[in-house]
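Visitor: Please take a close look at one part of this model: the salt bridges. I would like to know which side chains pair and where they sit in the chain.

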Amino acid sequence: MAKPKHKSMRNQPEMYDEIKKPFTFSLTQTAVKELELLAKIHGISRSEIVEQFARGQIQLQTQPPTQTNH
């Protein structure tokens with residue numbers, strides 16, 4: 001899911017029908033590194049990785065999808 005092309009406005013939803021609110025998670029350094037890797041692979045932020053995973057919009061993997069040549 002790509003980020004909208006318009007300027008963000010405070011307290012206005014961007015990608016979903018509700019605004020995001022900050023939450024705190026306690027994670028190991030290994031988990032944070034894995035989230036960073038997944039975010040880089042998918043081209044989105046760590047928080048968006050968690051958001052999309054929780055919504056069932058993505059399945060997480062640590063390896064980039066394999067490309068097939070047709």
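Guide: A salt bridge here is a side-chain nitrogen of Lys or Arg within 4 Å of a carboxyl oxygen of Asp or Glu. The model is predicted, and side-chain atom pairs count only at pLDDT 80 or more. On that basis the structure holds 3 salt bridges.

Take R55 and E18 to begin with. Their side chains meet in a salt bridge, with 3.3 Å from N to O; that distance counts because the cut-off is 4 Å. This pair links distant parts of the chain: R55 lies in the segment after α2 and E18 in the segment before α1, with their positions 37 residues apart in the numbering. How exposed is R55? R55 has a relative accessible area of 35% and is partly exposed. E18, its partner, is also partly exposed, at 48% relative accessibility. Neither residue counts as buried, because that class requires a relative accessible area under 20%.

R55 has another partner. E51 forms a salt bridge with R55, and here the closest N and O atoms are 2.5 Å apart. Through these contacts E18, E51 and R55 are linked in a network of salt bridges.

The remaining pair is E36 with R46, whose closest N and O atoms are 3.2 Å apart. This bridge also links distant parts of the chain, from E36 in helix α1 to R46 in helix α2, and the two residues are 10 apart. E36 is partly exposed, with a relative accessibility of 40%. For R46 the value is 40% as well, and R46 too counts as partly exposed.

The two helices also take part in the largest pocket. This pocket holds about 680 Å³ of space. It is lined by 18 residues, and the closest to its centre are K21, F23, F25, S47 and V50. The elements that give two or more residues to this lining are α1, residues 29–42, and α2, residues 46–54. Helix α2 gives the most, with 4 residues. By residue class, the lining of the largest pocket divides into 10 nonpolar, 2 polar and 6 charged.

To return to the salt bridges: one of them joins helix α1 to helix α2 through E36 and R46, while R55 belongs to a network with E18 and E51.

Definitions and conventions:
Residues numbered from 1 in each chain as written. Predicted model: local features only at pLDDT ≥ 70, side-chain atom pairs only at ≥ 80, totals over all residues. Heavy atoms only, no water. 1 Å grid on protein atoms, 1.4 Å probe; cavity = no way out; pocket = protein on both sides within 12 Å on 5 of 7 lines; lining within 4 Å. Points joined across faces, edges and corners; volume = space filled by probe spheres on them. Nonpolar A, V, L, I, M, F, W, Y, C, P; charged D, E, K, R; others polar. Buried < 20%, exposed > 50% of the residue type's maximum accessible area, 1.4 Å probe, protein only.
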